[in-house]
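Please examine the sequence and the structure shown below before reading on. The report is written for a reader who is new to describing protein chains.

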Amino acid sequence: MSKLIYREPNGNWGVKGVSWAEIPDGLYGALYKLKDYEETGLNPAHVKELAGCCRLIDWTYQDVEHNVWQCGHCGALHRFEADGPEENGFSFCPYCGMNIDWGEEEDDDEPA
Ligand SMILES: [Zn+2]
């Protein structure tokens with residue numbers, strides 16, 4: 001996908017094939033955001049992929065007797081010797097790489 005925004009060596013920028021005189025004032029903010037987006041070098045598929053990597057996924061307790069937990073994204077099962085993913089320092093699923101949501105900390109000092 002070719003870029004819609006050009007940038008000159010002196011830092012000036014604009015929309016290819018359109019003079020600033022033809023562009024309504026109300027569109028400047030949107031074009032500025034488009035310029036920033038295009039300068040990242042990413043395409044929409046890259047952005048979706050990155051957003052997915054930052055999403056938090058839950059690990060749930062599947063087998064209490066054997067202390068087995070399951071990734072809510074890839075479904076992989078993992079057995080801990082003791083405790084769960086948070087206590088064992090698992091920030092990411094070792095099978096799919098997604099961020100693990102440890103959930104909100106319970107605050108025992110707060111009145112019920
Ligand atoms: Zn996973």
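The following paragraphs move from the whole chain to its parts and then to single residues.

**Overall form**

The model described here is predicted. Its chain contains two helices and seven strands. Read from the N terminus, these elements follow the order β-β-α-α-β-β-β-β-β. Along the principal axes, the C-alpha atoms occupy a box of roughly 70 × 40 × 20 Å. The radius of gyration of the chain is 24 Å, whereas a compact globule of 112 residues would have a value near 13 Å. Burial is scored for each residue, and 6% of the 112 residues count as buried. Among contacts with a separation of 6 or more, 28% join residues 24 or more positions apart.

**Two domains**

The chain is divided into domain 1, residues 5-41, and domain 2, residues 54-100. The C-alpha centres of domain 1 and domain 2 are 45 Å apart.

**Helix α1**

Helix α1 covers residues 28-40 and has 13 residues. From the first C-alpha of α1 to the last, the span is 19 Å, close to the expected 18 Å at 1.5 Å a residue. How many of the 13 residues of α1 are buried? The count is zero, and α1 is thus described as hardly covered. Just after α1 comes Gly 41, with a positive phi of about 80°.

**The nonpolar core**

Which residues make up the largest nonpolar core? This core has six residues: Trp 59, Trp 69, Cys 71, Cys 93, Met 98 and Ile 100. Cys 93 can be followed further through its contacts. Leaving aside neighbours within four places in sequence, Cys 93 is in contact with Ile 57, Cys 71, His 73, Cys 74, Ala 76, Met 98 and Ile 100.

**Two loop residues with positive phi**

Asn 67 has a positive phi although it is not a glycine, and the same description applies to Asp 83. The table sets out both residues.

| Residue | Phi | Loop | C-beta neighbours inside 10 Å |
|---|---|---|---|
| Asn 67 | about 55° | between β4 (59-63) and β5 (68-71) | 15 |
| Asp 83 | about 60° | between β6 (77-79) and β7 (99-100) | 9 |

Why does Asn 67 count as partly exposed? Asn 67 is placed in that class because it has 15 C-beta neighbours inside 10 Å, a count between the limits of 12 for exposed and 20 for buried. Asp 83 counts as exposed because it has 9 such neighbours inside 10 Å, and the exposed class takes in residues with 12 or fewer.

Note on methods. Residues are numbered from 1 along each chain as its sequence is written. This is a predicted model: local features need pLDDT of at least 70, side-chain atom pairs count only at pLDDT 80 or more; totals for chains, interfaces and linings use all residues. Helices (H or I, at least four residues) and strands (E, at least two) are DSSP runs, numbered from the N terminus. A nonpolar core is a set of buried Ala, Val, Leu, Ile, Met, Phe, Trp, Tyr and Cys residues joined through C-beta atoms within 7 Å. Two residues are in contact if their C-beta atoms, placed from the backbone, lie within 7 Å. Domain bounds come from an automatic or database domain assignment. The expected span of a helix is 1.5 Å times one less than its number of residues. The radius of gyration is taken over C-alpha atoms; the globule rule is 2.2 Å times the number of residues to the power 0.38.
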